[in-house]
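Trainee: I'm new to this one and would like to start small. Could you pick one strand, look at it closely, and then work outwards from there?

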There are 4 protein chains.
Amino acid sequence: MANSFGHLFRITTWGESHGAGIGVVIDGCPPRLPLTEADIQPELDRRRPGQSKIVSPRQEADRAQILSGTFEGKTLGTPISIWVRNEDARPEAYTEMATKFRPSHADYTYQAKFGIRSWPGGGRSSARETIGRVAAGAVAKKVLRERYGIEVLAYVRQVQRIAAEIDPETVTTQQIESNIVRCPDPVAAAKMIRLIEKMRKAGNTVGGIVQAVARGVPPGWGEPVFDRLEADLAKAMLSLPASKGFDIGSGFGGIFLTGIEHNDVFRARKGKVYTTTNRSGGIQGGISNGATIYFRVAFKPVATVMREQETVDIHFKNTTLKARGRHDPCVLPRAVPMVEAMTALVLVDHALRQKATCK
Amino acid sequence: MANSFGHLFRITTWGESHGAGIGVVIDGCPPRLPLTEADIQPELDRRRPGQSKIVSPRQEADRAQILSGTFEGKTLGTPISIWVRNEDARPEAYTEMATKFRPSHADYTYQAKFGIRSWPGGGRSSARETIGRVAAGAVAKKVLRERYGIEVLAYVRQVQRIAAEIDPETVTTQQIESNIVRCPDPVAAAKMIRLIEKMRKAGNTVGGIVQAVARGVPPGWGEPVFDRLEADLAKAMLSLPASKGFDIGSGFGGIFLTGIEHNDVFRARKGKVYTTTNRSGGIQGGISNGATIYFRVAFKPVATVMREQETVDIHFKNTTLKARGRHDPCVLPRAVPMVEAMTALVLVDHALRQKATCK
Amino acid sequence: MANSFGHLFRITTWGESHGAGIGVVIDGCPPRLPLTEADIQPELDRRRPGQSKIVSPRQEADRAQILSGTFEGKTLGTPISIWVRNEDARPEAYTEMATKFRPSHADYTYQAKFGIRSWPGGGRSSARETIGRVAAGAVAKKVLRERYGIEVLAYVRQVQRIAAEIDPETVTTQQIESNIVRCPDPVAAAKMIRLIEKMRKAGNTVGGIVQAVARGVPPGWGEPVFDRLEADLAKAMLSLPASKGFDIGSGFGGIFLTGIEHNDVFRARKGKVYTTTNRSGGIQGGISNGATIYFRVAFKPVATVMREQETVDIHFKNTTLKARGRHDPCVLPRAVPMVEAMTALVLVDHALRQKATCK
Amino acid sequence: MANSFGHLFRITTWGESHGAGIGVVIDGCPPRLPLTEADIQPELDRRRPGQSKIVSPRQEADRAQILSGTFEGKTLGTPISIWVRNEDARPEAYTEMATKFRPSHADYTYQAKFGIRSWPGGGRSSARETIGRVAAGAVAKKVLRERYGIEVLAYVRQVQRIAAEIDPETVTTQQIESNIVRCPDPVAAAKMIRLIEKMRKAGNTVGGIVQAVARGVPPGWGEPVFDRLEADLAKAMLSLPASKGFDIGSGFGGIFLTGIEHNDVFRARKGKVYTTTNRSGGIQGGISNGATIYFRVAFKPVATVMREQETVDIHFKNTTLKARGRHDPCVLPRAVPMVEAMTALVLVDHALRQKATCK
């Protein structure tokens, strides 16, 4: 039981891959924010399958419907319930999953935990669950943008060994959205797309790194000692399906520097403090320092491969399984809006927490 | 306000570097567990400064005193309050910190957040805060060991560029504790110690990687979709001072494999399911699968260096600062018990959550 | 932002009186419980308006639809989302409410808090909100009944000055449901119905007391010091619309006894402990003692009266208002399933909490 | 495990009657509030035993010591840890309690829940536990007074059948503290004192009603639908030892009025809205309306009576028990600061919540 996230801006998601739909309830959204489905749909469109040749071909319109919490186009301060109907449900494509555990999926562990599972399409463990997050994230992004002037964005930085170098201070959404892999470096993007297509044809998959950026966060957000801003971001990212790692600022690479090399020097200009470098990633001691926040999330290659694999069945007998679900050769382009959503949800929650106690 | 951690086995820590002490209240510890200070002190001794030539020389006995929650040597199920008195408080060593922000420390961000800070020794942002975590972690480790047969341990895997390869399935506490750097590979350990000593002499610092291992966790622990086991571990680790990254199983390295290469094949033997590889790191879909859990935590080089650095003062004027606090050339040996403690706290919390709803 | 209730069996409700509907998400329901809409609908039917001549005539079928969390008729352990569509929405009946605050309603306070409100039908403050609670309560009652053998019921004990004396040890649901006022004493019930009809004709309203009973709760449930069982029950009851008071066991009447008279003597029989009296109301020190739990809830007369009343408008000018909404002369018969639902929600939450830590 | 209270201004209490002491950690107190032990001690002095001839004679100085969270006399925004040492511990007075359950105490239920208990003095179930609440409440009262101009006070309104009528709009702390029973009506107070003394001589006890008042709360505090202001107050009050009931505004008495009689009419004057009556008790729809908040709490007669009583022992055999602990003939005078503390804790928590989301 852990389908809620956030303390003050709190979301609760629900829904299985092949049930009546997927949804989210947002509790704690500030009142009087202009909000309609038009604010949410574009983010769902970035997340949905079938949007390009390099992602899952599942056909879903993923239409968001706001069921509560707004009145005459504005938020009421009451819970905002958003529902997205499931349409392309083909449980028959998954019948073998009723009796066999897919390797590196959650079939076995859900069965072990709950003693029951919704096997079509992975049930609750399907990435379809992230619809609720992305819908709520669209609201969070709007709060951050309109009330705090904060911009949150993410992009594909690396696919397998193809890495792009992008400046987090200047990258734009337009650049990110300029190609189907959502990598703002067009040369790297072209290579990534070719690699993913190759994987798709081979029935194979590939992983990589999404980088997220938040610009304009004021100094003071983050709640030590446990709800440090980077701790909540790490949790948010590792709660996404297929994510395997998180690092912030200098991250894992920072260990090659000595302390003297690594420290971010403070300077002051016109009554404002800044750092001349940003190895801290915009957070020091768990609290934002006003610099751009940036971090990376590692996503493993998707576990569904179009090849017969050894596995076990629900009677714990050895067997083999050949996937018949939709083949998503690379989750990264669709992970971009998920990462943005979770980042925005963490930030808006901390905005409210900071306002509550310290202002 | 976020000094509590955990849902059912919940700790609340308190204390500043130079106040009356540091403490923790554990709420939700199962009753009837044998517990005295002797269960806690050894872990505090592993964490305390002054234990070897390569860590901070601050002189602190760090004696734990249990103030409540036990009766005749057993836990009552009521809150366990543990207090460790501060002894080696030398605020005079820090007077310059009253007016200047140390680079890459939390001085500036605490000031920005709270409009006030306890400047001696970093106040609440001091690593001394982790005493409460380590004390509580000792209790959590005991619950895991005695009630579930689970072993939690951590070790230094890398210091700057010196990396050790250690098998998480077989490494022992004895090996870890066999040298002062807590790296169970003696050859790498000797190199690490030399490097750290060199740094100490140069007034410089160095970071690296701690790896953690949990063996014996049964299948079924972890609470999707947000409190996935790896998500809670990631948060726990990123809540530690100086940590900059977390990855689990194949982690950041896993992105170089394709899905076919990366998947962990299930096999069954004698009515039990296992995987022939463990790139998942013991967790699939956010839930433990019975395999060994292992992950890595990156720690940046300690920010306190014995050299004059540029910075700003509390009036936002440019200035310089030369640290006078104790020089801790490498936090890693002392981070080992902190990582173990946080790992154990996450696991015991999930043990109780699993028991509550799914058993 | 406080539309969630419970710690381990946690519900989140949403919906306004005149939006797309009302719903609830249940997070933490144990898996493998048989559950369909047929388990929920009967409770909603007891709650809905239009069920008899003495309650609100609003015409609503209040059909429950389970959108997630079950599979092949059993709970999955994942969030159970339940939706009830609004049908009889007549915002035009409420247009005057757009500009005037109804006396003793929440119109003014919602405006003061949120700076906006959904004025048709009271929006979120409408008693219609309790649909989500009653639907979730139906699930909680089923868990209690099937897994713990616990029976939860409530009945109207008093309407204005007409009081019934009912034995909490023996009263049955059948007796309660044998008349439209839900008072198991037929003589008192007849008088109550006459009084309520008189009020209805006069455009007036009347309040009273609902008593709740939980039989079969084992010793040991309740979490001192703050989440005492009676404290959580009190909160649950005072969170219901129109409730003004709560007392348990001897309650407010117990203050007329001395300690010697008031104490419940323990006796043992066949290895079981019981009390010869039950002034404690089944709870001692915040923990159930195995005796029947019983308590009372006071409900004020409904604020909507069919008479012109003095009030103020949204520009803070004095004015008058004559209600045009549906007239509900007495909330008590419909409060019965609400009280049962909240009681069951508290109990099942404590069942899980007790299992988590103390078993 | 439920020794924390509050969402944003959150307290965690710990300690048994006869351990090393009693304490509280306050997490979420706003920074920069002047705070020393001198702010806390007066409230503890009002709560402590031995302060007059009509309360428990246990000899405790109950000296508060602030261990963390302040610096140079001001709060830091970090956890405030407060410790009160136990001094008058006479476990030998309670040896019979090791083997017998006191009637209407929590001995049996703690044993049933935890399978272990600290029997001297009732352990965690002792009213001594409320020290932590009163200490934290002193801080909450100061925040309310200094930052919001809110006054919280409570007084004894009724002892058994001796009732006082006091105007909640005008009663002062000075009046309340003018006699040892803390009833601001001197005539009733004299009768109450005589009755309590009579009870004390007879080894008997007596209960009654404490009324609480909060003046100056602005409109808009309270978080529907579950954390209504009155719901949180009800929980707070029912979490106090020996409390059996709560009602607010017209409360249980309000059921004798019809809706037309009961409604509070709104009027406006100089751009402010007020009600001409206050049957709502200052809260409508769960949200404060700017009127004075007032409510009542019923306390049962203390269970410890100086007379042999029938009971059972820990082997579930029938036996008798004669109390040897200190005789507290009436908890009411000492309950007054407890009620004030819990009221203040609820209010300050809601102040912060309102600020977080709606401002």
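**One strand and its surroundings**

Mentor: Let's take β11(B), which is joined to β16(B) by five bridges, the two strands running antiparallel. A strand here is a DSSP run of E with at least two residues, a helix is a run of H or I with at least four, and both are numbered from the N terminus. Two strands count as paired if DSSP finds at least two bridges between them.

Before going on, some housekeeping. Residue numbers start from 1 along each chain as its sequence is written, while chains are lettered from A and ligands numbered from 1 in the order in which they are written. You're looking at a predicted model, where local features need pLDDT of at least 70 and side-chain atom pairs count only at pLDDT 80 or more, though totals for chains, interfaces and linings use all residues.

Back to our strand. On the β16(B) side, B:S243 has B:F299 as its bridge partner. On the chain A side, β11 (residues 243-248) of chain A and β11 (residues 243-248) of chain B run antiparallel and are joined by three bridges. You can find two of the partners yourself: A:G245 is bridged to B:D247, and A:F246 to B:F246.

Is the strand covered or open? β11(B) is mostly covered, with six of its six residues buried. Buried means that 20 or more other C-beta atoms lie within 10 Å of a residue's own; 12 or fewer makes a residue exposed, anything in between is partly exposed, and the C-beta atoms are placed from the backbone.

Now step back to the whole sheet. β11(B) belongs to an open, antiparallel sheet of ten strands, in the order β9(A)-β8(A)-β10(A)-β16(A)-β11(A)-β11(B)-β16(B)-β10(B)-β8(B)-β9(B). At the edges sit β9 (162-163) of chain A and β9 (162-163) of chain B, each paired on one side only.

Further along the chain B part, β8 (residues 151-159) and β10 (residues 208-215) run antiparallel and share eight bridges. Within that pair, B:Q158 sits opposite B:I209 of β10(B). A helix goes over this region too: α8 (residues 332-357) of chain B lies across β8, β10 and β16 (293-299) of the chain, at about 145 degrees to β8(B). For that angle, axes are lines fitted to C-alpha atoms (for helices, over the stretch in contact), and angles run from 0 to 180 degrees between N-to-C directions.

The sheet takes strands from chains A and B, and the contact between these chains involves 92 residues from chain B and 92 residues from chain A. Two residues are in contact if their C-beta atoms, placed from the backbone, lie within 7 Å. The chain B side that touches chain A is made of 40 nonpolar, 34 polar and 18 charged residues. In this sorting, Ala, Val, Leu, Ile, Met, Phe, Trp, Tyr, Cys and Pro are nonpolar, Asp, Glu, Lys and Arg are charged, and the others, Gly among them, are polar.

What about chain A itself? The chain has eight helices and 18 strands. Its radius of gyration is 21 Å, close to the 21 Å the globule rule gives for 359 residues, so chain A is as compact as a globular protein of that length. That radius is taken over C-alpha atoms, and the rule is 2.2 Å times the number of residues to the power 0.38. Along the principal axes, the C-alpha trace of chain A spans about 65 × 50 × 35 Å, and buried residues make up 69% of the chain's 359.

Chain A also meets chain D, with eleven residues of chain A in contact with eleven of chain D. The chain A side of that contact has six nonpolar, three polar and two charged residues. A rotation of 180 degrees with 0.0 Å of shift along its axis superposes chain A on chain D, with an RMSD of 0.0 Å; that is the relation of a two-fold axis. The C-alpha of A:A356 is the one in chain A nearest the axis, 2.1 Å from it. Copies are superposed by least squares on the C-alpha atoms of residues with pLDDT of at least 70 in both. Finally, 100% of the interface residues of chain A are also interface residues in chain D, so the copies meet through the same surface.
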